[in-house]
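Here are two short exercises to try with the structure open beside you. Have a go at each task before reading its solution.

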Amino acid sequence: LSVVTLTTDFGLRDGYVGTMKGVILSIAPQTQIVDISHDIALGKIAQAAYVLASAAPFFPDGTVHVVVVDPGVGSSRRALALRTAGAYYVGPDNGVLSYPLAGYRLPGVGGPASELTHSAGSLAPGVEAVQLDRPQYRLPSVSNTFHGRDIFAPAAAHLAAGVPFVALGTPVIDPATIPLPWPQKLLDGSIRGAVLHRDKFGNLITDIPVLWLETRQTWLFHVGERLIDDLSVSYDDGRSGSLIAVAGSQGLLEIAVSGGNAADTLCVDVGEPVSATPRF
Amino acid sequence: LSVVTLTTDFGLRDGYVGTMKGVILSIAPQTQIVDISHDIALGKIAQAAYVLASAAPFFPDGTVHVVVVDPGVGSSRRALALRTAGAYYVGPDNGVLSYPLAGYRLPGVGGPASELTHSAGSLAPGVEAVQLDRPQYRLPSVSNTFHGRDIFAPAAAHLAAGVPFVALGTPVIDPATIPLPWPQKLLDGSIRGAVLHRDKFGNLITDIPVLWLETRQTWLFHVGERLIDDLSVSYDDGRSGSLIAVAGSQGLLEIAVSGGNAADTLCVDVGEPVSATPRF
Amino acid sequence: LSVVTLTTDFGLRDGYVGTMKGVILSIAPQTQIVDISHDIALGKIAQAAYVLASAAPFFPDGTVHVVVVDPGVGSSRRALALRTAGAYYVGPDNGVLSYPLAGYRLPGVGGPASELTHSAGSLAPGVEAVQLDRPQYRLPSVSNTFHGRDIFAPAAAHLAAGVPFVALGTPVIDPATIPLPWPQKLLDGSIRGAVLHRDKFGNLITDIPVLWLETRQTWLFHVGERLIDDLSVSYDDGRSGSLIAVAGSQGLLEIAVSGGNAADTLCVDVGEPVSATPRF
């Protein structure tokens with residue numbers, strides 16, 4: 001069975017996701033379809049890009065990841081498919097595929113431990129992109145409002161069914177990208193980063209790699225107007241209700257409240273600056 | 001793998017849907033189970049009927065669609081299975097199966113472009129219905145509160161496993177139905193319809209077929225107390241925040257707000273009259 | 001296809017559940033993965049335990065049930081797998097596996113009709129438990145914050161792929177447990193119980209077995225300050241809005257409001273005492 005994953009902002013109420021699954025199974029009956037998320041905030045491209053980047057490395061080689069967070073559906077934005085070393089990606093050309101386009105891996109799944117660099121608008125080595133412009137790999141009739149059903153699901157299903165990647169469309173070399181996480185080490189030994197994702201538990205996942213903190217120093221963390229004293233071992237480590245910093249499952253520093261909700265406690269959200277300062 | 005879809009108002013919290021899947025896999029292990037929606041508003045038969053009608057045509061031939069929105073569970077209402085040209089349907093006899101019973105297809109999936117007609121309480125040509133009254137195709141013990149688990153899931157699984165449709169129960173010729181969409185062309189060239197569905201994005205899907213609008217005229221649309229000037233090409237077409245009318249993915253006219261929520265903006269919901277008037 | 005079920009408090013927004021599915025399919029590609037619930041209230045071990053106990057008996061023999069409601073993730077609490085007569089279970093050693101550990105079945109699925117007894121902290125006959133302490137059955141790198149991905153999903157997948165249960169880890173004989181439902185028959189013929197679960201519809205599922213009520217008596221039920229006169233046949237039985245008692249699908253007494261929400265109407269929740277008194 002080939003695996004196709006779906007990440008959208010469609011929610012599960014209207015049957016849009018189910019419709020995409022019907023399209024996929026009509027083209028490629030032997031497919032395992034897995035939901036990654038359908039509760040991406042409406043049109044939040046960066047959130048979808050992060051959630052997919054955090055989950056995708058855990059899927060089998062050759063998985064096809066479909067992401068449809070697509071406020072520009074029906075406009076002139078292109079529809080893309082990518083091929084990377086381990087997976088395929090299908091989605092709109094609006095930056096939602098920036099992580100695989102840039103070959104950017106999160107630290108917990110093999111990403112770099114040193115300074116991260118990336119250049120927008122170009123393809124990382126080993127990544128290929130095509131525009132989904134072949135009618136034979138779309139539904140016969142393409143609407144202007146539901147490309148998830150009419151273009152993206154069919155493309156993913158044809159890939160899963162064995163259609164060669166290069167047959168899907170015309171090569172693209174200038175895909176749209178969004179800024180990716182870019183934490184920085186300063187000369188004084190401190191680290192500047194930001195909140196990258198707020199999860200359901202209210203944990204604040206930052207873009208600071210935990211490996212950067214695995215030194216002999218202990219650290220002081222700043223987030224909003226609050227100070228946190230060194231890393232805790234787990235969410236459960238510390239008095240209930242205390243603000244803590246932990247090594248998260250993506251290899252990224254997380255700000256949490258033991259038994260509570262850090263985002264609500266601190267009233268901060270994605271983008272909030274976070275810093276780590278060595279303690280002498 | 002046979003495909004069984006599920007549409008309910010059960011939500012995903014209590015494990016009711018998972019239980020139905022366990023029942024299906026116990027009877028028919030080689031089944032692909034696909035969720036269409038479990039967030040139908042409580043007991044909203046018309047919403048479930050529409051959502052299923054919009055998704056079902058995209059599934060492989062022979063798919064078994066189970067729908068359990070069933071406020072009368074345990075009462076004397078019958079449990080039904082239907083066979084149509086392309087699919088099976090399983091659900092309560094409360095009107096939730098009205099679209100397939102009437103052979104009513106939405107315009108975007110092969111429905112009629114001209115006036116729509118249908119008669120309630122009878123079977124369309126080529127549609128058969130049976131009452132699920134055979135104990136051997138139910139769970140051994142049938143509760144009065146969870147027929148999704150005890151009657152509908154087993155019936156669907158037996159169909160998926162190859163039990164002949166006619167073996168499932170006694171033929172039914174007078175199923176319950178609800179009124180289906182019935183937009184009208186008036187003598188002055190205008191069209192009268194209504195809002196059929198409000199989706200998660202706040203888009204208002206009307207019952208007016210887009211094909212009716214594909215004439216040389218341009219149109220004025222009325223919804224609530226607001227006026228919309230002609231069709232837009234996509235959600236993205238127009239200033240952000242402007243009210244627009246677009247050709248929706250079901251072949252139906254949709255009222256939307258570019259980058260916003262039309263239902264909230266207009267304070268209208270399902271049933272609201274919508275009209276289209278030719279502009280001279 | 002082996003079946004693996006998932007029950008968590010992760011929600012579906014952040015991709016955590018999708019990540020677990022990727023891990024499972026990477027290890028055991030031929031697996032059917034079924035969601036039981038991902039909307040368990042945060043850290044509510046008793047709720048997860050009940051929901052799983054209500055759904056698990058309806059799955060095929062040999063199903064692997066994974067439950068991750070795990071406020072103590074990364075602390076010293078153990079990770080467990082269980083083998084019972086019909087299924088495997090994988091989850092944290094925090095009581096969430098108490099039903100299968102105690103061999104406790106709900107009445108509607110073969111549980112005892114007479115007084116229920118159980119002893120905490122020990123294994124029921126025929127139940128085996130191991131601690132998931134073998135590195136080869138975990139992901140190569142184990143975080144302190146996401147054992148669902150790093151420990152539980154891999155263990156379940158290895159079981160599904162045929163790894164012998166006893167190979168997964170060191171036997172455990174003193175698992176943690178939570179109090180299980182314990183309704184009581186009093187000498188005067190009355191029954192004392194409590195609300196065990198509040199479902200999405202606002203139905204209050206109590207721990208009182210319906211079989212205890214199947215006598216020649218009629219009954220008076222007390223819940224909160226309200227009185228209910230005898231059992232109704234179904235949710236639909238009685239005036240809309242009236243408070244009723246019905247035989248629920250788990251073989252347990254349920255308190256409901258016909259066409260309404262009993263939990264909201266009564267302002268009661270899990271733990272509320274419920275009693276049944278014979279009427280003479």
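**Exercise 1: the neighbours of a strand**

In this predicted model, C:Val195 of S9(C) faces C:Thr206 in S10(C). Starting from that pair, work out which strands of chain C pair with S9(C), residues 191-198.

*Solution*

Step 1. Follow the pair you were given: S10(C), residues 204-209, is joined to S9(C) by three bridges in the antiparallel sense. Five residues lie between these two strands in their hairpin, where C:Gly202 has a positive phi near 85°.

Step 2. Look at S8(C), residues 184-185, which runs antiparallel to S9(C) and is joined to it by two bridges. Here C:Lys185 is opposite C:Ile191. This hairpin also has five residues between its strands, and C:Gly189 in the turn shows a positive phi of about 95°.

Step 3. Now find S16(C), residues 273-279: four bridges link it to S9(C), again antiparallel. One facing pair is C:Arg192 and C:Ser275.

Step 4. Check the surroundings: six of the eight residues of S9(C) are buried, so the strand is mostly covered, with buried meaning under 20% relative accessible area.

**Exercise 2: a helix in chain B**

Describe the course of H4(B), residues 147-160.

*Solution*

Step 1. Take the span: the 14 residues reach 18 Å from the first C-alpha to the last, close to the expected 20 Å.

Step 2. Locate the bend, about 30° at B:Ala153, with B:Pro154 following within four residues.

Step 3. Judge the cover: 14 of 14 residues are buried.

Step 4. Step past the end to B:Gly162, where phi is positive, near 110°.

Key. Residues are numbered from 1 along each chain as its sequence is written. Chains are lettered from A and ligands numbered from 1 in the order in which they are written. This is a predicted model: local features need pLDDT of at least 70, side-chain atom pairs count only at pLDDT 80 or more; totals for chains, interfaces and linings use all residues. Side-chain values use heavy atoms; hydrogens and water are left out. The expected span of a helix is 1.5 Å times one less than its number of residues. The bend at a residue is the angle between axes fitted to the seven residues ending there and the seven starting there. Buried means under 20% relative accessible area, exposed over 50%, partly exposed in between (1.4 Å probe, protein chains only). Two strands pair if DSSP finds at least two bridges between them.
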